[in-house]
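User: I would like to go through this model in a series of short exchanges. Please reason from the coordinates and end each reply on the value or name I ask for.

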Amino acid sequence: MLSVLSYSLLLITYVTMYTYGLKNCDDNIRKKYDYVIGFYGHCGEVTITEPDVKDTQLYKLLKTSTKQMGMDVVDCNNPDPIGLCIRQTNIKDGRRHSNSQAFLRNVDRPNLHIVTGAYVEKIRRVADLPVGENIQDHFGLNLDILLDIPTMSLYNLSQENELLEYFFNRKGNYANVGTNLNLFLETERQNKFNWPDIQVFINDGLLRNGILDASKDSIMKTQEGNSAIQDGITLTVILLHPSSRGNIKLRNKKPNLNPAIDLKLLSSKDDVKHLIKGIRKIQDFVNTPALKAVNARIDASFENCLSVDKDTDEYWSCVIRNYGSPYIHSGGSCRMGMNGDPNSVVDAWLR
Ligand SMILES: *[C@@H]1O[C@H](CO)[C@@H](O)[C@H](O)[C@H]1NC(C)=O
């Protein structure tokens with residue numbers, strides 16, 4: 001599996017496509033998605049792929065549950081993406097096709113100069129702006145859902161056919177990100193757009209079964225191990241529009257010290273409340289007839305919260321604070337805004 005950060009890939013893809021209107025001409029998903037005018041361009045350096053999961057038992061099952069929740073199966077990059085979608089990724093020949101590979105390596109760009117290893121010690125001050133404020137990050141919680149259908153595990157990944165498939169054909173489960181499906185949920189109507197406020201990464205198996213941790217050593221160990229492990233999927237429930245804001249500051253006047261970063265995660269109580277709403281939606285999802293039919297249940301063995309009454313809002317608040325984590329999507333420290341807005345650093349043209 002390539003990386004748990006496929007969401008960032010998705011996001012970068014989106015930004016790239018939207019900004020440059022680019023799309024790989026060879027890419028056969030282009031035809032399918034062309035109808036969303038303005039969201040997909042034509043022909044470009046970045047490869048966009050969709051994992052081949054349509055025939056899997058898991059996809060078919062979750063599709064039914066999604067419909068039973070009154071939601072649709074959609075395109076993740078649709079202007080209205082609420083529902084279940086197959087994640088689009090940047091994979092070329094079974095490997096991540098990064099922006100750097102697509103746009104910088106092996107491409108001659110006379111108008112672009114990149115200096116690596118450079119260190120800025122002092123720059124002329126041209127304006128006094130709130131650089132470093134407004135930093136924010138996605139925050140989320142992993143929920144294990146146990147299921148009575150076969151799911152992915154390190155045991156499956158360590159099978160010979162899986163390894164051979166990748167080495168000879170650059171295909172199979174090693175050629176995708178391991179988190180192939182995605183749910184966008186709307187728990188609160190926030191504005192006139194149908195913007196999702198909760199994103200759920202649907203991992204192909206339980207993270208504790210090592211699906212994103214297929215190193216050589218762990219594969220060797222697992223090949224000898226047994227296949228009798230618990231089946232299930234880990235859902236990563238993520239708050240998309242956090243209210244908490246942190247900052248990044250210089251420690252002192254020495255420019256070569258690492259900066260002090262304080263994300264102030266969950267400093268806003270609203271964020272916890274909002275995530276609980278997401279968890280409640282997941283509970284509804286797990287209770288849909290299709291998922292109940294395969295004995296779906298949330299494995300809520302969070303030891304640090306045993307003293308709190310199970311399934312109350314206090315319980316989930318304890319779980320979020322004890323077991324949640326940021327998703328390394330920090331941003332916002334150079335806030336974009338209108339000219340003259342004292343809280344903004346750059347305008348819509350990045351000036
Ligand atoms: C994983 O391996 C087990 C044991 O061989 C098998 O029953 C199961 O179908 C496999 N899971 C998937 C998703 O292929």
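Analyst: Two strands pair if DSSP finds at least two bridges between them. By that rule strand β1 (residues 72-74) pairs with β2, in the parallel sense, over three bridges. The model is a predicted one.

User: Which residue in β2 is the bridge partner of V73, and which residue in β6 does L84 stand opposite?

Analyst: β1 and β2 are parallel, and V73 has L84 as its bridge partner in β2. β2 is also joined to β6, by four bridges in an antiparallel arrangement. In β6, L84 stands opposite L183. The two names are therefore L84 for V73 and, in β6, L183.

User: How far can the coordinates be trusted, and over which residues is the pLDDT below 50?

Analyst: The chain has a mean pLDDT of 85, with 85% of its residues at 70 or more. One stretch has pLDDT below 50, although the model gives this stretch 59 contacts beyond near neighbours in sequence. Where pLDDT is low, the predicted coordinates should not be read in detail. The stretch in question is residues 1-24.

User: How many helices and strands does the chain have, and what share of its contacts with a separation of 6 or more lies between residues 24 or more positions apart?

Analyst: The chain holds ten helices and twelve strands. Of its 351 residues, 30% are buried. Among contacts with a separation of 6 or more, the share from residues 24 or more positions apart is 69%.

User: Which strand do β6 and β8 both pair with?

Analyst: β6 pairs with β7 in the antiparallel sense over five bridges, and N182 has F201 as its bridge partner there. On β8, the bridge partner of Q199 is I238, and that of I198 is L239. This pairing is also antiparallel, with five bridges. The strand asked for is β7.

User: Are the faces of β7 covered or open?

Analyst: Five of the five residues of β7 are buried. One side carries I198, V200 and I202, and the other carries Q199 and F201. Each of these residues is buried. Both faces are covered.

User: How many residues of β8 are buried, and which strand do eight bridges join to β8?

Analyst: G232, T234, T236 and I238 lie on one side of β8, with I233, L235, V237 and L239 on the other, and all are buried. That makes eight of its eight residues buried. In an antiparallel arrangement, I145 stands opposite I233. The strand joined to β8 by eight bridges is β5.

User: Why does G232 count as buried, and what separates its C-alpha atom from that of I145?

Analyst: G232 lies in strand β8, and it counts as buried because it has 24 C-beta neighbours inside 10 Å, where the cut-off is 20 or more. Leaving aside neighbours within four places in sequence, its contacts are D144, I145, L146, L147, T151 and L206. G232 and I145 are 87 residues apart along the chain, and their C-alpha atoms are separated by 5.4 Å.

User: Which residues touch the most other members of the largest nonpolar core?

Analyst: This core has 37 residues. Among the elements that give it two or more residues are β5 (139-146), β7 (198-202), β8 (232-239) and α8 (269-286). One of the residues concerned, I282, touches L143, V200, L235 and V237, not counting residues up to four places away in sequence. The residues that touch the most other members are V200, I202, I233, L235, V237, L275 and I282.

User: What span does α8 reach from its first C-alpha to its last?

Analyst: α8 has 18 residues, and 26 Å is expected at 1.5 Å a residue. Its buried residues include H274, L275, G278 and I282. The span reached is close to that expectation, at 26 Å.

User: Why do the buried residues of α10 line one face, and which elements do they pack against?

Analyst: W316, V319 and I320 are buried in α10. Seen down the helix axis, the buried residues of α10 fall within an arc of 100°, so they line one face. On the other side, E314 and N322 are exposed. The buried residues pack against β5 and α8.

How values were computed:
Residues are numbered from 1 along each chain as its sequence is written. This is a predicted model: local features need pLDDT of at least 70, side-chain atom pairs count only at pLDDT 80 or more; totals for chains, interfaces and linings use all residues. A nonpolar core is a set of buried Ala, Val, Leu, Ile, Met, Phe, Trp, Tyr and Cys residues joined through C-beta atoms within 7 Å. A residue is buried if 20 or more other C-beta atoms lie within 10 Å of its own, exposed if 12 or fewer, and partly exposed in between; C-beta atoms are placed from the backbone. Two residues are in contact if their C-beta atoms, placed from the backbone, lie within 7 Å. The expected span of a helix is 1.5 Å times one less than its number of residues. pLDDT is the predictor's confidence in each residue, from 0 to 100. The arc is that of the directions from the helix axis to the C-beta atoms.
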